[in-house]
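Open your viewer, set the display to cartoon, and keep the selection box handy. We will go from stop to stop, picking a few residues each time.

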Amino acid sequence: MQFRTSRRSLLTATAAAVAAAATGVTAHADPHRPGPDPSGHDRQLKKLIGRMSIEEKVGQLFVMRVYGHSATAPDQADIDANLKEIGVRTAAELIAKYHVGGIIYFSWAHNTRDPHQIAALSNGIQRAGLAQPTPVPLLIATDQEHGIVCRVGYPAALFPGAMALGAGRSREDVRTVGRISGAELRAIGIRQDYSTDADVNVNPANPVIGVRSFGSEPAAVARLVAAEVQGYQSSQVAATAKHFPGHGDTAVDSHTGIPVITHTREEWERIDAPPFKAAVAAGIDAIMTAHIQFPALDPSNDPATLSQPILTGILREELGYDGVVVTDSLGMQGVRDKYGDDRVPVLALKAGVDQLLNPPDLATAWKAVLGAVRSGELTEERLDESILRILRLKERRALFSSPYVAGVRVDRTVGIRSHLVSADLIAERTTTLLVNTDRLLPLSRRRARSLLVVGPDPASPTGTTGPPTTVLGKELTGLGFTTAVLPTGTAPTAALIDSAVAAAAGKDAVIVGTYDVVAGDAQTKLVAALVATGVPVVQIAVRNPYDIAQLPGVRAALATYSWTDVELRAAARVIAGRVSPRGLLPVPVQRADDPTKVLYPVGHGLTY
């Protein structure tokens, strides 16, 4: 039966009955919990799989990007991008041609302009999925980690990222972030979030994880991972723990190269494994693989994404995980160095992967998997195993019973006042005060009314917030200070440094944001020049908290762990004394002159 719908049916019909008729899958009375006869329900899903052609089965394994704000009528520039990269014009054509099982949303692909647009795009994608010869709803996903990785922006509620939440140390706050974020994602048709980050960041030089991790202590990270999983999945959005078997001790970005983890098996058990074990125990729906080499776990040095010993031997058999395994993006260089783009998806499936995320060339990857099935390298039964896991996840997250979203739910859920208030309150509990010489903070409006704000303005993760110096200046002005703002960037020139020094004259204090400072860089010169003026300097690390080790002489230092509005507004309220700092370092800060020694340990944090 071909699925047909209309605007009126979307608003008034029971989607469960329509989808069930189209797919042949009947929802449980409570579609979010296993039914009394799970094996019987599996039989329905297996019947659906049995109706699929080989081409449809191959398609179910892929989760793909697509450009455009609409499933059927994107802008011409997005049509052109789709034709160039995928060979189709629209999301609907992508689904009809390749039968993909999922779509990943990106802001740079123009999928996430505003909540109502996102909801309409999601509905259009589901209409296309249910119009196929074998109707199947799609699993729509995105990376909504919050903090520095976020795809859906304002007016949605935006929360502190993982390391900030690690500084807050509250499982209830982390659970709340997952619950609220999950509710907002579900309201716009996104049923899977590629979060939580389960990596234990034990390497301060890690270029790709860093503040995306809850911290450096395995037990603390594990507790917060479990809480976030519970939060998202209580809102019926699939959580995804990443990046298995652990990406926290790398010095290479897997987007551009292949990192090598040198941990022993014992170190993996002690450091990297606990958060993933906690995620499995919490009932995680999906686990994402890492494009890393881990010789102690697989001496072949295949990337973990392609490693049968890691994905089947350890994740499936030792950890007892039987949920969905999804690759990290197959467009990343870390998984492309050793094998060609036509071999990677086949090898990933042979290793134990279920979902193939965002291959650089879908036609090549899709044909490679289809060819492997026809040649016998992959059996149809192997595909069926993965498809059953994927369909179980889709059913568990109510895609068969409720594939569509309604505009009224968007208005009642996304960015509502209670969610925004929760984000602000949680952020206040994460701001970490590292230094407060002579109790400079909080600043008094009577004694230090005139302020200068300088620092970098890194791009907004969602394109809907910032710029950071402006946000800080505006918030401090609203708190009663007279504030001047001078953006100086991450590499201020000598002329900019001179301008900042001149602007500091006559000010009562300078607030300087810093972003990943390294020894001797231009930011250290800016801070040193400002300190030399004699005006009290308050430093805010707007990304990694390690900057303070390179900045002697500042009178006060804060860590926000991100430069997004919610964290910077909280820092301003701490500076002004509206709230007391409560965050505690979730990672150690090493000394600049001797990195083997700790300047500020895990748990350090001042208050007033």
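**First stop: the five-stranded sheet**

Select Thr-142 and Asp-193: within β4, Asp-193 is the bridge partner of Thr-142. Before moving on, please note that this is a predicted model, in which local features need pLDDT of at least 70 and side-chain atom pairs count only at pLDDT 80 or more, while totals for chains, interfaces and linings use all residues. Residues are numbered from 1 along each chain as its sequence is written, and side-chain values use heavy atoms, leaving out hydrogens and water.

Now show the strand that holds Thr-142, β3 (residues 139-142), which runs parallel to β4 and is joined to β4 by two bridges. Helices (H or I, at least four residues) and strands (E, at least two) are DSSP runs, numbered from the N terminus. Two strands count as paired if DSSP finds at least two bridges between them. Widen the view to the whole open sheet: five strands in the order β4-β3-β2-β1-β8, with parallel pairing. Its edge strands, β4 (192-193) and β8 (356-357), each pair on one side only.

While you are close to β3 in the sequence, select Tyr-154 and Pro-155, which are joined by a cis peptide bond with omega of about 15 degrees. Pro-155 belongs to the loop between β3 and α8 (162-168).

**Second stop: the three-stranded sheet**

Next, colour β5, β6 and β7, three strands that form an open sheet in that order, with parallel pairing. β5 (240-244) and β7 (324-326) are the edges; each has a single partner strand, so one side of each is left without a neighbour in the sheet. From one strand to the next the twist averages 25 degrees. Angles here run from 0 to 180 degrees between N-to-C directions, and axes are lines fitted to C-alpha atoms, for helices over the stretch in contact.

Zoom in on β5 and strand β6 (residues 286-289), a parallel pair joined by three bridges. To find one of the partners, select Phe-244 and look across to Thr-289 in β6. Then add helix α12 (residues 308-318), which packs on the sheet and touches β5, β6 and β7, its direction making about 135 degrees with that of β5. Contact means heavy atoms within 4.5 Å. Another helix, α11, lies across β5 and β6 and runs at about 160 degrees to β5.

Stay with β5 for one more backbone detail. Which peptide bond here is cis, with omega near 5 degrees? Show the backbone from Lys-242 to His-243 to see that bond; His-243 lies in strand β5.

**Third stop: helix pairs**

Keep α11 (residues 265-281) on screen and add helix α10 (residues 218-234): the two pack at an angle of about 20 degrees, with axes 8 Å apart. Angles under 35 degrees count as roughly parallel, over 145 as roughly antiparallel, 65 to 115 as roughly perpendicular and the rest as oblique. α10 and α11 are therefore roughly parallel to each other. Show side chains for Pro-218, Val-221, Ala-222, Val-225 and Ala-226 in α10, which meet α11 residues including Arg-270, Ile-271 and Pro-274. The residues of this contact divide into 10 nonpolar, no polar and one charged. In these classes, Ala, Val, Leu, Ile, Met, Phe, Trp, Tyr, Cys and Pro are nonpolar, Asp, Glu, Lys and Arg are charged, and the others, Gly among them, are polar.

Move to helix α13 (residues 344-351) and helix α14 (residues 362-375), whose axes come within 8 Å and cross at roughly 55 degrees. These two, α13 and α14, are therefore oblique to each other. Select Pro-345, Val-346 and Leu-349 of α13 with Ala-365, Ala-368, Val-369 and Ala-372 of α14 to display the contact. By class, it has seven nonpolar, no polar and no charged residues.

**Last stop: β10 and β11**

Select strand β10 (residues 450-455) and strand β11 (residues 482-487), which pair in the parallel sense over six bridges. Ser-450 has Thr-482 of β11 as its bridge partner. Finish in the loop between β9 (432-436) and β10, where you will find Arg-439. Phi of Arg-439 is near 50 degrees, a positive value in a residue other than glycine.
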